[in-house]
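Hi everyone, thanks for making time this morning. Let me put the model up on the screen, and then we can walk through it together.

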Amino acid sequence: MYTNSIEMVEVSPRDGLQNEKAMVSTADKLALIDRALAAGVRRIEVASFVNPRAVPQMADAEAVCAGLPIRGDVTYIGLVMNARGADRAIATGRIDQLGAVSVSTDTFAMANQGQTSDGSIEAATGIIHAARANGKLGQVTIAAAFGCPFEGEVPEARVLAMAEKLAAAAPVEIALADTIGVANPAHVSRLVTAVRELVAPIPVRVHFHNTRGTGLANVWAAVEAGARTIDASIGGLGGCPFAPGAAGNVSTEDVVYMLERAGVRTGLDLTALISANHWLAEVMERTLPGMVAKAPAFPKQLQEG
Ligand code: ZN
């Protein structure tokens, strides 16, 4: 199932920042989005439309949307958990794609969005329908698809049953998210293959966190298993406010380095991503987890920008 090109989705403005305690300004979020677009990103999660009391870092979702560059070639994604969030995202007039979330276990679904797992499937179905009814795209992510912070192991049969129900709503894509970074490449290979077979022709996206150092290995396993789209976050920032111990997403520049060196095109400019990492590290006032941006350029002609 090897491919020679992959689509990257940049999630730093949303998943990357939502868990940060220090508030990042709207202007810095827009500057981050500009840097991602300049590096070649064409699909980007820009905000989440959730209760600002639950996720204060996302309270300026509307302001971020109002400042987005008008680009016909870019898909802006807004994360939404319910009908109210869908209404808000649509009302901005700037969100092209609504990203719904269904959670694999009841305990995490309650913590994350105050619903049972089945309730989160119903909510996602409603969001996908609302997107379509308003001329937008609707996609869905199955969160904690590889393990739950509260219930532990998640049966693959549960994830497959969810994928089947969600596919009935005809989303443009179904994603498998390792929200807490517990997946391993063998698990990824099995689950991506099984979900792809079940939901075809709906494409499968993957979302990994590097909590236990398996992030890049999982990306590679997913690519080999036929996933065509990969979420990543500049600098490897990220985490879920409702998942204890959650750590950063796989870093965009690390994924791009690995894939491009392996002959898989991403459409992104590594030099620009490394420069974005260094800029974001200054904004966050700390070194970020991504590794490629800390290493000497390789090969040599790849100069730091
Ligand atoms: Zn995440």
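Let's begin with helix 2, whose buried residues are K29, L30, L32, I33, A36 and L37. Buried here means under 20% relative accessible area, exposed means over 50%, and partly exposed is anything in between, with a 1.4 Å probe and protein chains only. Those six sit on the same side of helix 2, because they cover an arc of only 155° around the axis. That arc is taken from the directions from the helix axis to the C-beta atoms. As a reminder, an α-helix has 3.6 residues a turn, so residues three or four places apart point the same way.

Before I go on, a word on the ground rules. This is a predicted model, in which local features need pLDDT of at least 70 and side-chain atom pairs count only at pLDDT 80 or more, while totals for chains, interfaces and linings use all residues. Residues are numbered from 1 along each chain as its sequence is written, and side-chain values use heavy atoms, with hydrogens and water left out. Helices (H or I, at least four residues) and strands (E, at least two) are DSSP runs, numbered from the N terminus.

Back to helix 2, which runs over residues 26–38. From first C-alpha to last, its 13 residues reach 18 Å, close to the 18 Å expected at 1.5 Å a residue; that expected span is 1.5 Å times one less than the number of residues. What does the buried side pack against? The partners are strand 1 (7–10), helix 1 (12–16), strand 2 (43–49), helix 3 (61–66), strand 3 (75–80) and helix 11, where contact means heavy atoms within 4.5 Å. On the face turned away from the buried side you'll find the exposed residues A27 and A38. Just after the helix, G40 takes a positive phi of about 110°.

One of those partners, helix 1, holds S12. S12 is buried, with a relative accessible area of 1%. Beyond four places in sequence, S12 touches L17, L32, A232, S233 and I234, and L32 is one of the buried residues of helix 2 we just met.

Now the zinc ion. Which residues are its protein donors? They are D15 (OD), H207 (NE2) and H209 (NE2), at 2.0 to 2.1 Å from the ion. Along the chain the spacing reads D-x191-H-x1-H. Distant parts of the chain are linked here: D15 is in helix 1 and H209 in the loop between strand 7 (204–208) and helix 9 (215–224), 194 residues apart. For donors, we count N, O and S atoms within 2.8 Å of the metal (3.2 Å for Na, K and Ca), and as water is not among the atoms, sites may look incomplete. D15 and H209 are both buried.

On to the core. The largest nonpolar core has 100 residues, and those with the most contacts inside it are I44, V46, L98, I142, L176 and I230. Helix 11 (residues 270–284) gives the most to this core, with 8 residues. Membership requires a buried Ala, Val, Leu, Ile, Met, Phe, Trp, Tyr or Cys, joined to the set through side-chain atoms within 4.5 Å. Take I142: leaving aside neighbours within four places, its contacts include V159, M162, L166, I174 and L176.

Next, aromatics, of which there are 2 pairs. F108 and F150 form a tilted pair, 5.9 Å centre to centre with 50° between the planes. The rule is that rings of Phe, Tyr and Trp (its six-membered ring) pair if their centres lie within 6.5 Å; planes under 30 degrees apart are stacked, over 60 edge-to-face, and the rest tilted. F108 lies in helix 5 (residues 106–113) and F150 in the loop between strand 5 (137–143) and helix 7 (156–167), so the pair ties together parts 42 residues apart in sequence. F108 is buried at 1% relative accessibility, whereas F150 is partly exposed at 38%. The other pair, F146 and F208, is also tilted, at 6.0 Å and 45°, and both of its members are buried.

Last stop, C240, in the loop between strand 8 (229–232) and helix 10 (252–261). C240 touches F108, among others including Q18, N19 and T179. The C-alpha atoms of C240 and N19 are separated by 5.9 Å, though the two are 221 residues apart along the chain. Thanks, and I'm happy to take questions!
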